[in-house]
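Biologist: Could you take me through one part of this model up close? I'd like to hear about the strand pairing, with enough background to place it.

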Amino acid sequence: MAQRPLLLQSRFLRELCPLHRNQRRSIVTSASTSPSNSAWSVPLNIDSPDDHVARLAAQPLHHLTLSDLVRHGRPPLSTPALLSSANFTLSLLPIRLAHRIHALRNLPFIVVSNPHIARIYSIYLHSLSTLLPLAHSPITSLAAEAAFTDLMADLVQTHANTIPALARGFLECRRYIAPADVTRFLDEHLRARIGTRLIAEQHIALHLSSQSHCGDTPAPLSTHIGVIDTQLSPVAVLRHCEAFVGELCELKYGVRPSLVVNGAVDTTLAHVPTHLEYILTELLKNAFRATVESGREREPVEVTIAESPAQPHPSEPNPIHNGGPKVDGETFDPGAWPPTSVTIRIRDRGGGISPVHLPHIWGYSFTTFSDEDIRPEMTGGNGTIDALNTLSKSGGEGSSLAGLGYGLPLGRAYAEYFGGGVAVQSLWGWGTDVFLRLRGLGRV
């Protein structure tokens, strides 16, 4: 399965003393110690990065596109292209980290004082303080690029548990912050996290697939440019997700509905496979669960795939033009082909969504988990359950069909990041249609 937010570490996070109410001190760990491996504190022998945070957070965020991720060409990259990728990554990450630090600081004091949220704050400060010394000069050698890539891998692993920890922290602070504010913060944080991880993981993937520039045997031709699959088949991903969700369904209910796929089954697009796999998994979980629990497991879940009509591009139909990085002596222009739009409709006969619940399905504090399915350990002490509880306990993996109320808002965040979206049309008493729109890069 695709990589998702990882489970919380088994050891408990160490609690931190509350920040001073009148003056928040910057909380960092030493640059040589990862915050995931040691208790964090407030060192007195290093300069505070507050000035850097304020300066970087005041700069606008670069709007990341799929074209940005493939701008350096197909691997294996030449040495100049690989160095360009490293410097592009280094130019974006400090600003993005500073924006998240600034957003965390703007939370109510009692929320930031929570040990889980304060831990996340520490991780972001540590990451920024690690990158700032490198940002003063460009990366000009393969040795420096390799060291930078190792650092990126460490930072990606360090940030793997931020979402479950944040959810745990918001659960513990639910009396002090409104659900609408939690949803707004998580929406912004998730979208920022998607971009930040993509930037780092793209360079790591380009580095690993470009080892031939160091004299190794060239890798076989691939449809991937880093984490982007330029010929991603929605049907192939759908069938993979069907197998996984079907096993969960059989494990919980002893039966699984069938899945019928029709429409443009041969269409492909350039997109991030892990994103599509996550979205489809969550949507199929909802459809399968509703179908079985409504007693209509004999009714198939129907998936229809539609591709937008091809649109002529004013330029010559060849993705090699002037203006972009050179690849094999020519210039690679990822914008030479118009983007591909694919819409996937998932239709189930699960009875639809109650009009009472429908306005709340996009909130992180909502789930259709039934009362009889609620386990005592998943309640907040008052007999209620919400998606934050599930998210904080599952770490984003989720091993059951029920209680995954965060699936829709999180899936929508993944879809909307590159110009797509998720829409829900419910026919109460009959079933639900979910429309997933994906905007790809076009022909690459």
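What share of the contacts in the chain with a separation of 6 or more comes from residues 24 or more positions apart?

Modeller: That share is 78%. Bear in mind that we're looking at a predicted model. For the backdrop, the chain has 444 residues, and 53% of them are buried. The secondary structure adds up to twelve helices and ten strands, and the accessible surface is about 20,300 Å², with carbon and sulfur atoms holding 54% of that.

Now for the close look, which I'd centre on β5, residues 301-307. This strand pairs with β3, residues 259-263, in the parallel sense, and five bridges link the two. β5 also pairs with β8, residues 341-348; here the strands run antiparallel, with six bridges between them. So what happens at a single residue of β5? Take Glu302: its bridge partner in β3 is Val260, while in β8 the residue standing opposite Glu302 is Arg347. That gives Glu302 a partner in the parallel pairing and another in the antiparallel one. If you're following side chains along a strand, remember that in a regular strand they alternate between the two faces of the sheet.

A word on confidence before you build on any of this. The average pLDDT over the chain is 76, and 70% of the residues reach at least 70. Over residues 1-47 the pLDDT is below 50, though this stretch still has 103 contacts in the model beyond near neighbours in sequence. Residues 366-405 are also below 50, with 100 such contacts.

Conventions
Residues numbered from 1 in each chain as written. Predicted model: local features only at pLDDT ≥ 70, side-chain atom pairs only at ≥ 80, totals over all residues. Heavy atoms only, no water. Helix = DSSP H or I, 4+ residues; strand = E, 2+ residues; numbered from the N terminus. Buried < 20%, exposed > 50% of the residue type's maximum accessible area, 1.4 Å probe, protein only. Contact = heavy atoms within 4.5 Å. Areas by Shrake-Rupley, 256 points an atom, 1.4 Å probe, with all protein chains shown as cover. Pairing = 2+ DSSP bridges. pLDDT = per-residue confidence, 0-100.
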